[in-house]
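Hi everyone, thanks for coming. I'd like to walk you through a few backbone oddities and one bit of surface, so let's put the structure up.

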Amino acid sequence: MKSLKIAIVGAGPAGLAAALFLARAGHATEIIERFDNPAPVGSALMLQPTGLTVLESLGLGPAIHTAGNRIDRLYGTETRHGRIVLDVRYDALAGGRYGLAVHRAALFDTLYDEVSARRHFVFTGRRVVSTLEEDGQTYLVIEGGERLGPYDLVVDASGARSELVAASPVAPPTRNLTYGAFWATLDCPDGLVDERALTQRYDQAKVMIGVLPIGRRRPDLPKQAALFWSLKVADADEVRRQGLDRWKAAVRGYWPECQPLLDQIRDWDQLTLARYAHRTVATSYSGRTVFVGDAAHSTSPQLGQGANMALLDVASLAHALAGSGDIETALAAYAKARRLHMRLFQLLSLAFTPFYQSDSAALAWIRDRLVAVIAKIPPGPQILASIVSGTLVDPFAAAGLSECNWLQNTVPQPS
Ligand SMILES: Cc1cc2nc3c(=O)[nH]c(=O)nc-3n(C[C@H](O)[C@H](O)[C@H](O)COP(=O)(O)OP(=O)(O)OC[C@H]3O[C@@H](n4cnc5c(N)ncnc54)[C@H](O)[C@@H]3O)c2cc1C
């Protein structure tokens with residue numbers, strides 16, 4: 001493949017990683033971001049063995065590990081009887097896998113610092129509203145009428161509300177999920193929760209509270225945790241109207257030990273309301289525009305795969321371009337490489353989410369009785385571990401990657 005001029009729309013994890021992979025392969029890239037100062041939105045996320053392998057292949061393994069916190073187990077109980085309703089251990093499978101919980105800013109900074117160090121071109125303050133194809137070349141139309149290009153290829157990494165996907169023939173139907181969550185990032189006192197676990201409490205599927213220890217974003221900062229509270233997006237205004245004290249009392253009622261976290265919340269502005277939409281493109285490209293990350297597939301974060309799949313997407317795209325003689329062949333190869341993994345995990349997310357976030361008492365009843373059993377009897381623990389790891393089907397070969405050797409990696413220990 002000759003060197004291409006590639007526009008990357010969006011400076012989120014997918015866009016930044018795409019710039020690094022594609023420039024490394026010899027292409028000329030430009031990132032176009034709508035915000036004046038690119039920055040991460042939201043609280044925390046879990047990097048899985050999939051996403052960690054992609055970051056390692058970019059040489060960013062040490063940086064991200066320094067800024068994150070190792071997670072070995074996802075553990076949840078329901079509050080009425082103390083039944084185990086979530087219990088996944090990465091070590092149910094051999095190989096030493098783990099997850100890494102990070103502040104969103106840690107992932108952003110790791111990628112953005114590398115993009116800046118390699119002097120990638122980033123156009124900021126430009127919202128891409130459409131593409132225009134002329135004579136086999138593609139232009140970007142910016143809000144206000146500016147035109148950028150021409151480009152040989154456009155990588156749409158503009159996230160779940162991508163305007164380019166929405167205007168394309170592959171636009172998927174979007175299902176706005178009823179439940180979202182309030183998220184806050186707070187200082188985490190020692191001993192509050194198991195630092196190696198994502199810990200959750202449930203009341204049926206209507207209430208879900210989680211604490212995810214995310215370590216120190218920088219060595220000079222305190223250890224932090226993300227606190228999240230699931231709720232119906234439509235109820236958020238009413239919850240806010242009733243006041244912080246009432247909401248805190250509700251959290252405390254389910255989980256009194258969270259008090260030191262609640263004490264730090266003095267204003268609703270500290271809580272971000274996350275809304276989730278579920279959609280999957282039929283094909284991951286249209287003409288000379290290729291979709292990666294949430295632009296191609298978005299869902300609830302129940303399985304913690306979105307950013308990891310975004311990283312796999314861009315690694316696969318770079319691999320497909322490197323192995324093809326022309327752009328059309330490469331885009332078809334990319335779509336094929338990601339199809340099974342993407343569809344499987346989108347389906348699993350759609351199937352699992354209502355057991356943990358919905359009005360259904362029946363699903364919660366089934367969950368409360370089944371999970372503890374499945375989590376103990378083989379191959380249940382192994383299947384659960386490979387779902388959470390993102391490896392239920394092999395995601396690496398099609399991206400030209402080999403999974404990290406986790407036993408040899410040095411991971412910072414909680415201090
Ligand atoms: C509360 C919450 C928790 C989550 N937890 C996890 C987790 O534990 N693990 C995990 O893997 N994933 C998680 N996710 C999902 C993860 O955040 C997303 O999958 C990931 O951010 C997708 O990256 P992206 O780069 O595709 O899109 P985004 O991160 O949305 O970035 C898109 C970028 O494009 C820019 N942009 C948008 N429109 C335009 C435009 N028209 N022109 C120019 N620029 C534009 C945006 O400003 C942004 O910078 C979670 C999501 C939420 C909401």
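**Backbone oddities and a greasy patch**

Let's begin in the loop between strand E15 (197–203) and strand E16 (207–215), where you'll find glutamine 204. Keep in mind that this is a predicted model. What is the phi of glutamine 204? It's near 50°, so we have a positive value in a residue other than glycine. As for cover, glutamine 204 comes out partly exposed, because its relative accessibility is 25% and the buried class stops under 20%.

Okay, another one of that kind. Arginine 119 isn't a glycine either, and yet its phi is positive, about 55°. Look for arginine 119 in the loop between helix H4 (104–117) and strand E8 (121–123). Buried or exposed, this arginine 119? Exposed, because its relative accessibility is 76%, and the cut-off for that is over 50%.

Now the cis peptides. Go to strand E11, residues 147–151, which holds proline 150. The bond leading from glycine 149 into proline 150 is cis, omega near 5°. Then there's a proline–proline case: proline 378 and proline 379 are joined by a cis peptide bond, with omega about 5°. Proline 379 sits in the loop between H11 and helix H12 (380–389).

Speaking of H11, that helix covers residues 361–374 and includes leucine 370. Leucine 370 has 43% relative accessibility, so we call it partly exposed. And which residues join Leu370 in a nonpolar surface patch? Trp365, Ile366 and Ile374, and with Leu370 they make about 380 Å² of it.

That's my tour, happy to take questions.

Terms used: Residues are numbered from 1 along each chain as its sequence is written. This is a predicted model: local features need pLDDT of at least 70, side-chain atom pairs count only at pLDDT 80 or more; totals for chains, interfaces and linings use all residues. Side-chain values use heavy atoms; hydrogens and water are left out. Patches are made of residues with over 30% relative accessible area and no salt bridge: like charges are joined within 9 Å, nonpolar side chains (Val, Leu, Ile, Met, Phe, Trp, Tyr) within 5 Å. Accessible areas come from the Shrake-Rupley method with a 1.4 Å probe; for residues, only the protein chains shown count as cover. A salt bridge is a side-chain nitrogen of Lys or Arg within 4 Å of a carboxyl oxygen of Asp or Glu. Helices (H or I, at least four residues) and strands (E, at least two) are DSSP runs, numbered from the N terminus. Buried means under 20% relative accessible area, exposed over 50%, partly exposed in between (1.4 Å probe, protein chains only).
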